[in-house]
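Q: Could you take me on a close look at one part of this model? I would like to follow a single helix and see what lies around it.

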Amino acid sequence: MMITLRFIASLSILIGCLWAARLITAALALSLPAPLLGMLMLFGLLQSGIINSKHLLPSCGPILKYMALFFIPAGVGLVSYLEVFSHNAWLLMSVLILVPVLGLVLTGKLANLGRYHD
C-alpha cells in the first residue's frame, strides 16, 4: 500500500510539472514546448531542494527501465518519411559524419591548447 502511495505521489509531481507547464505556455502563448518547460521546472525544483530526487524514484525508476519502449513509436514514425530521407541521403550522411568529426577535432584542438596554458 505504501509503495503504491509513493508511486502515485511521485507520478503526481511529474504530471503536476507538465500540467503547470502546459498552463503557462497556454496562458502566455509561448512557443516553447510545454514538456521542455516542464522539465526545466522540475530541474529547478530539484536544484532548489524543494523536491528531493528520491521522492521521484518510485515513478521514474520504471519509466527509465522501459524507456526503450517509448522510442518504438518514434522509430515507426521515421519509416513514414523514408522518401524524404532517400532524397536527402547525402546531406544527412554528411551531417552525421561531419558534425561528430568536426566536434572531435575542435575539442582535441581546444584541449591541446589548454594543456600548454596550465
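A: Happy to! Let's take helix H2 in this predicted model, starting with its surroundings: helix H1 (2-28) and helix H3 (53-65) are among what covers the buried residues of H2. Those buried residues are Ala34, Leu37, Gly38 and Leu42. They cover an arc of only 140° around the axis, so they sit on the same side of H2. An α-helix has 3.6 residues a turn, so residues three or four places apart point the same way. Turn to the other side of H2 and you find Met39, Phe43 and Gln47 exposed.

The length of the helix checks out too. H2 runs over residues 34-48, and at 1.5 Å a residue its 15 residues should span 21 Å; the end C-alpha atoms are 21 Å apart, which agrees. After H2 comes Gly49, with a positive phi near 90°.

Leu42 deserves a second look. Leaving aside residues up to four places away in sequence, Leu42 touches Ile13, Leu14, Cys17 and Leu56. Leu42 also belongs to the largest nonpolar core, a set of five residues that it shares with Leu14, Cys17, Ile51 and Leu56.

The helix also helps to line the largest pocket, which has a volume of about 380 Å³. H1, H2 and H3 each supply at least two residues of that lining, but the largest share, four residues, comes from H2. Among the lining residues are Pro35, Gly38, Met39 and Leu42, along with Leu14, Cys17 and Cys60. Leu42 therefore turns up on the buried side of H2, in the largest nonpolar core and in the lining of the largest pocket.

Conventions: Residues numbered from 1 in each chain as written. Predicted model: local features only at pLDDT ≥ 70, side-chain atom pairs only at ≥ 80, totals over all residues. Heavy atoms only, no water. Core = buried A, V, L, I, M, F, W, Y, C linked by side-chain atoms within 4.5 Å. Buried < 20%, exposed > 50% of the residue type's maximum accessible area, 1.4 Å probe, protein only. Contact = heavy atoms within 4.5 Å. Expected span 1.5 Å × (residues − 1). Arc of directions from axis to C-beta. 1 Å grid on protein atoms, 1.4 Å probe; cavity = no way out; pocket = protein on both sides within 12 Å on 5 of 7 lines; lining within 4 Å. Points joined across faces, edges and corners; volume = space filled by probe spheres on them.
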